[in-house]
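These are my notebook entries on one protein chain, written while I looked up its burial, packing, ring pairs and a few single residues. I kept the order in which I went through them.

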Amino acid sequence: MKQTINSALLSEIATESVIDWAYVWVCKQRHHYPHNADIWHFRYHWQTNKQSLIAKLRSGRYLFSPLQRITLANGNIIHLWSAQDALVMKAIAIVLTPSLSISPRCTHTKGHGGLKGALRWLHRKLPFHRFVFRSDVKGYYQNIDHTILIKQLEQQVRNHDVMALLTQVIRRTVEWGGTFKTINRGVGRGSPLSPLFAAVYLKPLDDAMDQAGLSYVRYMDDWVVLSKTRWQLRRAVALVNRTLAALKLEKHPDKTWVGKIDRGVDFLAYHHTQAGCGPAKATLARFHAQLTRLQEQGARPARIGVYNTRWWRWVRAGLPKNLVLVIPTVSSAERDRS
């Protein structure tokens, strides 16, 4: 079934309905861009250029432009795809995501529960385990190996033209002032395909955990493993280390924690214990710091109230109704550090 779906991928990507869906998405994503951004020229000429774009995609002749290196007002540097390239990548992601085999343990892809889905899983499983191993990958996006990722995609995507498009996105080029640089490692965060690449690249870890029978969930490159015995915990750590080494990755030393569950664990901006769950201290500190900044900037009480209400609504949204919300105490020093 997968091979049949993949053989028709390019035709499906280039349908008017998918292209229109991707067009609405890119317009929404870039509605706040400055007046000299290419999105406005792209929108103005959309009805004229739409059929030409579809024809290029169907023929397999579409080529992505080099990314533009842009320095923001705050001094940060970003690499930006053109509006048309972003639309094409979104169209590929729309069609490709449901056709790929992605582990249900990876919750950040569409239909797998999202961030709150991972938290709900942890809430259900926590009472039945004694030990926890939580970590993420050091510099995940910038350390993804292109050769490994392309081989992983080739195992599932049986369409040569679609693979050619994906390879262009992965082995991309950046341009600034007439200088061109090919990126030989890592995937860009700004691409609509990046979350899909992140799901595929760590699938060997998802599969290894399933085959070992370990309780495990992952969101992007953040994961948590629960175990009933120390032996299972040590096995999980060794298995993760072997799998990451094969993928040319390593754990983040400052974000790795192994120990008993009764001490609690931070995962996806929340602190989890047997008693309940609530925002982690660092998360709460950032919230208080933002409130302080709004006050110092002279924001009206109504605006501060709206921010406060929306933030707490986000904290509670998507979590089980019977979950006890535990609010940690944050010192002034912790707020200052945030």
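Entry 1, overall burial and size. I began with burial and noted that 46% of the 338 residues in the protein chain are buried, where buried means under 20% relative accessible area, exposed means over 50%, and partly exposed covers what lies in between (1.4 Å probe, protein chains only). I must keep in mind that this is a predicted model, in which local features need pLDDT of at least 70 and side-chain atom pairs count only at pLDDT 80 or more, while totals for chains, interfaces and linings use all residues. Residues are numbered from 1 along each chain as its sequence is written, and side-chain values use heavy atoms, with hydrogens and water left out.

For secondary structure I found 16 helices and 11 strands in the protein chain, taken as DSSP runs numbered from the N terminus, with helices being H or I of at least four residues and strands E of at least two. The radius of gyration is 22 Å, close to the 20 Å that the globule rule gives for 338 residues, so the chain is as compact as a globular protein of that length; the radius is taken over C-alpha atoms, and the rule is 2.2 Å times the number of residues to the power 0.38. Along the principal axes, the C-alpha atoms fill a box of roughly 60 × 55 × 40 Å.

I then looked at contacts, meaning heavy atoms within 4.5 Å, and found that of those with a separation of 6 or more, 72% join residues 24 or more positions apart. The accessible surface comes to about 17,900 Å², and carbon and sulfur atoms hold 51% of that surface; the areas come from the Shrake-Rupley method with a 1.4 Å probe, and for residues only the protein chains shown count as cover.

Entry 2, nonpolar cores. I used the rule that a nonpolar core is a set of buried Ala, Val, Leu, Ile, Met, Phe, Trp, Tyr and Cys residues joined through side-chain atoms within 4.5 Å. The largest such core has 79 residues, of which Leu87 and Leu166 touch the most other members. Helix H6 (residues 83-99) gives the most to this core, with 11 residues. Following Leu166 beyond its neighbours within four places in sequence, I listed contacts with Ile92, Leu96, Leu153, Val157, Leu193 and Phe197. Another core lies apart from this one and has 25 residues, including Leu122, Leu126, Val315 and Leu319.

Entry 3, aromatic pairs. I paired rings of Phe, Tyr and Trp (its six-membered ring) if their centres lie within 6.5 Å, and called planes under 30 degrees apart stacked, over 60 edge-to-face and the rest tilted. The count by this rule is 14 aromatic pairs. For Tyr23 and Phe42 the ring centres are 6.2 Å apart and the planes stand at 50°, so I entered the pair as tilted. This pair links distant parts of the chain, since Tyr23 is in helix H3 (residues 16-29) and Phe42 in helix H4 (residues 38-44), 19 residues apart. Both Tyr23 and Phe42 are buried.

The rings of Trp311 and Trp314 have centres 6.4 Å apart and planes at 45°, so this pair is tilted. Both residues are in helix H15 (residues 301-316), and being 3 residues apart they are separated by about one helical turn. Trp311 counts as buried because its relative accessibility is 12%, whereas Trp314, at 36%, is partly exposed. Ring pairs also link Tyr270, Phe287, Tyr307, Trp311, Trp312 and Trp314 into a cluster.

Entry 4, single residues. How many disulfides does a search of the whole structure find? I noted 0 disulfides, a disulfide being a pair of cysteine sulfur atoms within 2.5 Å. Cys27 is buried at 10%, and Cys106 is buried at 0%.

I also checked backbone angles: most residues other than glycine have a negative phi. Met220 has a positive phi near 55° and sits in the loop between strand E6 (215-219) and strand E7 (222-227); its relative accessibility is 18%, so Met220 counts as buried. Ala269 has a positive phi near 75°, in the loop between strand E9 (265-267) and strand E10 (270-272).

Lastly I looked up Lys50, which is in helix H5 (residues 46-59) and is buried, with a relative accessible area of 8%. Not counting residues up to four places away in sequence, Lys50 touches Glu16 and Asp20.
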